[in-house]
Amino acid sequence: MIAQALTRRRERRVLPGFGLSLGISLTFVSLVLLLPLTSLVGQLSQLSWSQYWFLITDPRLLASYTVTLLAAAVAALFNAVFGLLMAWVLVRYEFPGKRLVDALMDLPFALPTAVAGITLATLYSSNGWIGRLLEPLGLSVSYTWIGIALAMAFTSIPFVVRTVQPVLEDLPAEVDEAAMTLGASDGLAFRRVILPYLWPALVTGTGLAFVRSLGEFGAVIFIAGGKPYETEITSLMIFVKLQEYDYAGASAVASIVLATSLALLLAINLWQGRFIKRLHGGRG
């Protein structure tokens with residue numbers, strides 16, 4: 001009886017100091033998330049609806065929306081393919097320098113984005129190591145939307161790799177080997193056995209990479225060039241308005257980016273929840 005009582009007591013106290021931990025967590029969330037959002041709402045309250053609509057539908061700003069969305073979509077799709085490939089290589093193969101390659105996947109998180117932008121702009125400029133090889137082919141990367149997509153892909157690739165990698169580690173190699181033993185080709189085994197298992201993680205990682213790219217600034221600004229209506233990104237427009245002390249205008253543009261990001265994250269979470277529910281229902 002005493003042992004059972006002690007066991008129940010331990011079960012009730014799985015998280016020691018829960019009250020203090022919860023208080024610290026809520027304080028951190030308030031300072032880091034809620035306080036900036038409150039400031040944003042306060043700036044927006046100074047604008048009427050007509051003023052707000054005029055600011056967010058400026059033709060130059062609309063062009064920046066297009067550039068940002070297209071570049072982020074290209075970067076996210078590239079990362080979906082390349083990130084899945086890298087996760088597969090890191091999980092299923094053993095080779096010299098594997099730990100180094102695995103560590104390099106987190107480099108975009110550790111490297112300051114401004115440093116990444118300057119490095120990419122230097123490498124892919126007409127005089128850069130890679131740019132001088134592409135120039136005879138008529139390919140320009142720096143100061144074009146291609147450079148923007150490249151910088152976005154560089155900063156967001158870890159989201160796909162680190163989301164897919166643990167799921168792939170839980171999938172035994174014997175599963176796809178069994179499929180091929182039963183007569184399935186490599187492509188069929190991947191499409192019918194492996195990809196459905198990885199699909200939720202792959203979609204989540206790709207969505208996070210897309211959302212991350214929407215607000216990217218440091219890595220993109222140096223390689224974009226900032227040419228109006230061609231290579232201006234939305235985050236640059238926010239920076240320009242802040243430099244002009246137009247805080248209300250900057251908040252209006254920022255609210256569009258914030259609303260888009262939150263809507264995408266909510267859609268990803270709802271889809272993932274429904275997918276898992278349907279999967280469990282099918283198993284039941």
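**Note on the structure**

1. A helix here is a DSSP run of H or I with at least four residues, and helices are numbered from the N terminus. The model is predicted.

2. Start with the largest pocket. It holds about 330 Å³ of space. Its lining counts 18 residues, and those closest to the centre are Leu120, Leu150, Ala153, Phe154 and Ile157. Which elements supply at least two residues each to this lining? They are helix H4 (59-92), helix H6 (107-110), helix H7 (113-124) and helix H9 (145-169). H7 gives the largest share, five residues. By class, 16 lining residues are nonpolar and two are polar, with no charged residue.

3. The second largest pocket comes next, with a volume of about 260 Å³. Here 13 residues form the lining, and Val211, Leu214, Gly215, Val257 and Ser261 lie nearest the centre. Helix H11 (186-214), helix H13 (234-243) and helix H14 (247-283) each give two or more residues to this lining. H14 has the largest share, six residues. The lining of the second largest pocket divides into eight nonpolar, three polar and two charged residues. For the largest pocket, the charged class was empty.

4. Ser142 deserves a look. It sits in the loop between helix H8 (131-134) and H9. Is Ser142 buried or exposed? Its relative accessibility is 8%, so it counts as buried, the cut-off being under 20%. A polar atom of the Ser142 side chain lies 3.2 Å from the backbone oxygen of Tyr124. The side chain of Ser142 also reaches the backbone nitrogen of Ser125, again at 3.2 Å. Leaving out residues up to four places away in sequence, Ser142 touches Leu120, Ala121, Tyr124, Ser125 and Ile223. One of these, Leu120, is also among the residues closest to the centre of the largest pocket.

5. H13 carries a set of buried residues: Thr234, Ser235, Leu236, Met237, Ile238 and Lys241. Leu242 belongs to H13 too. What does its accessibility say? At 37% relative accessibility, Leu242 counts as partly exposed. With neighbours within four places in sequence set aside, Leu242 is in contact with Tyr247 and Ala250.

6. Check the positive phi values. Tyr229 is not a glycine, yet its phi is positive, near 70°. This residue lies in the loop between helix H12 (218-224) and H13. Tyr229 counts as exposed because its relative accessibility is 52%, and the class begins over 50%.

7. Tyr245 is a further case. Its phi is about 60°, positive although the residue is not a glycine. Tyr245 follows H13 and is placed in the loop between H13 and H14. A relative accessibility of 61% makes Tyr245 exposed.

8. Now the aromatic pairs. How many are there? The count comes to six. In one of them, Phe109 and Phe159 meet edge-to-face, with 5.3 Å from centre to centre and 85° between the planes. Phe109 lies in helix H6 and Phe159 in helix H9, so the pair ties together parts that are 50 residues apart in sequence. Phe109 has 46% relative accessibility and counts as partly exposed. Phe159 has 21% and also counts as partly exposed.

9. Tyr245 returns in a pair with Tyr247: the ring centres are 6.3 Å apart and the planes stand at 80°, so this pair is edge-to-face. The cut-off for centres is 6.5 Å, and for edge-to-face planes over 60 degrees. Tyr247, at 40% relative accessibility, counts as partly exposed. Tyr247 is also one of the contacts of Leu242.

10. Trp49, Tyr52 and Trp53 are grouped in one aromatic cluster.

11. Last, Leu70. It is found in helix H4. Its relative accessibility of 54% makes Leu70 exposed. How far is Leu70 from Ala149, in sequence and in space? The two are 79 residues apart in sequence, while their C-alpha atoms are 8.3 Å apart in space.

Technical notes
Residues numbered from 1 in each chain as written. Heavy atoms only, no water. 1 Å grid on protein atoms, 1.4 Å probe; cavity = no way out; pocket = protein on both sides within 12 Å on 5 of 7 lines; lining within 4 Å. Points joined across faces, edges and corners; volume = space filled by probe spheres on them. Nonpolar A, V, L, I, M, F, W, Y, C, P; charged D, E, K, R; others polar. Buried < 20%, exposed > 50% of the residue type's maximum accessible area, 1.4 Å probe, protein only. Polar contact = N/O pair within 3.5 Å; in protein donor to acceptor, adjacent residues only side chain to side chain. Contact = heavy atoms within 4.5 Å. Phe/Tyr/Trp six-rings, centres within 6.5 Å; stacked < 30°, edge-to-face > 60°.
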